[in-house]
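The exercises below are to be worked with the sequence and the model side by side. Each task is followed by a solution that goes step by step.

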Amino acid sequence: MEISISEGQNRVDVVTVSGRVDSATAPELEKKIRELFDKRRHQIVVDLAGVEYMSSAGLRTLVSSLKTAKSHGGNLVIAQPSARAHEVIELAGLNTVLAIYDNVVDAVRVF
Amino acid sequence: MAHVRRLTVRARIEQLSQIVDFVSQAAADTGFNADEIFHIQMAVDEACTNVVEHAYGGSGRGDIGVTCLIDPARGLRIEIRDRGKPFNPNSVPIPNSIQGASDVDQLGAGGLGIYFMRKLMDLVEFHFDDRQGNLLVMEKRRSR
């Protein structure tokens, strides 16, 4: 799994994730997002275009991060999930909870 | 003709990719397509994550034994054994998200792994006995 973070000037940050998000790697994603929270940045777009594989551990990280963001008046949304990531989100029934956008520009614009 | 492959690894999270690769190869050799292999990977990943985190409590002590029975005509049978705490599948809740929860505050953390296993495989059975420990059997059948 690889993660890159682009902190936006409009206080919306884009977390780009690629590779495998599973029980071995999800804690690293959680840590990176928590570092944003620690800086009082709670408006987050997670770009899942490059995700080849995601397990329930990855979903739990996304949901717990969404909860934290919302509890601080922010939000966490998903941008351009890969077919695999999208399938897993839908399989878990989380497409009603996680807002999904076709691209990063549209996702950033909702804040 | 059917044949059997076995792998035993330490029950650590960092070993799971080795199990997933092993099972993925068995699935490919059974003749499953890329989507089906992905589903089998997910089910096995979730199952073995449960073994590491729950059966062995994340201690890293103990082994996971994986047996694949490869039958290109009928499908793939996967047996996962551990000697950790007895697992009771009935103790695992149905995920709230599956029950239509749309409010993030209602979402719990547990249950998704087992839900995925049952959704993605044709057969999922949990067994326990004092001598052998936990045995999880999963099957994916070839569609005709």
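**Exercise 1.** In which sense do strand 1 (residues 2-7) of chain A and strand 2 (residues 13-21) of chain A pair, and over how many bridges?

Solution. Before starting, note that this is a predicted model, in which local features need pLDDT of at least 70 and side-chain atom pairs count only at pLDDT 80 or more, while totals for chains, interfaces and linings use all residues. Residues are numbered from 1 along each chain as its sequence is written, chains are lettered from A and ligands numbered from 1 in the order in which they are written, and side-chain values use heavy atoms, with hydrogens and water left out.

Helices (H or I, at least four residues) and strands (E, at least two) are DSSP runs numbered from the N terminus, and two strands pair if DSSP finds at least two bridges between them. Strand 1 and strand 2 of chain A pair in the antiparallel sense, over six bridges. Within this pairing, Ile3(A) has Val17(A) as its bridge partner, and Ser4(A) has Thr16(A). The two strands form a hairpin with five residues between them, and Arg11(A) in the turn has a positive phi of about 70°.

**Exercise 2.** Place Ser6(A), a residue of strand 1 of chain A, in its surroundings.

Solution. Ser6(A) has a relative accessible area of 42%, which makes this residue partly exposed (buried is under 20%, exposed over 50%, partly exposed in between, with a 1.4 Å probe and protein chains only). Leaving aside neighbours within four places in sequence, Ser6(A) is in contact, meaning heavy atoms within 4.5 Å, with Val12(A), Asp13(A) and Val14(A). The C-alpha atoms of Ser6(A) and Thr16(A), which are 10 residues apart along the chain, are separated by 8.2 Å.

**Exercise 3.** Follow chain A from strand 2 to strand 3 (residues 43-54), and then describe the sheet.

Solution. Strand 2 and strand 3 of chain A pair in the parallel sense over eight bridges, and Val14(A) has Val45(A) as its bridge partner in strand 3. Together with helix 1 (residues 26-38) of chain A, these strands make a right-handed β-α-β unit; right-handed means that, with the strands pointing away from the viewer, the path from the first strand over the helix to the second runs clockwise. In chain A, five strands form an open sheet in the order 1-2-3-4-5, with mixed pairing. Strand 1 and strand 5 of chain A are the edge strands, each pairing on one side only.

**Exercise 4.** Which residues of helix 3 (residues 83-91) of chain A are buried, and what covers them?

Solution. The buried residues are Ala85(A), Val88(A), Ile89(A) and Leu91(A). They lie on the same side of helix 3 of chain A because they cover an arc of only 165° around the axis, the arc being that of the directions from the helix axis to the C-beta atoms. What covers them includes strand 3, helix 2 (56-71) and strand 5 (100-101) of chain A, together with helix 2 (34-55) and helix 3 (112-120) of chain B. Just after helix 3 of chain A, Gly93(A) takes a positive phi of about 70°.
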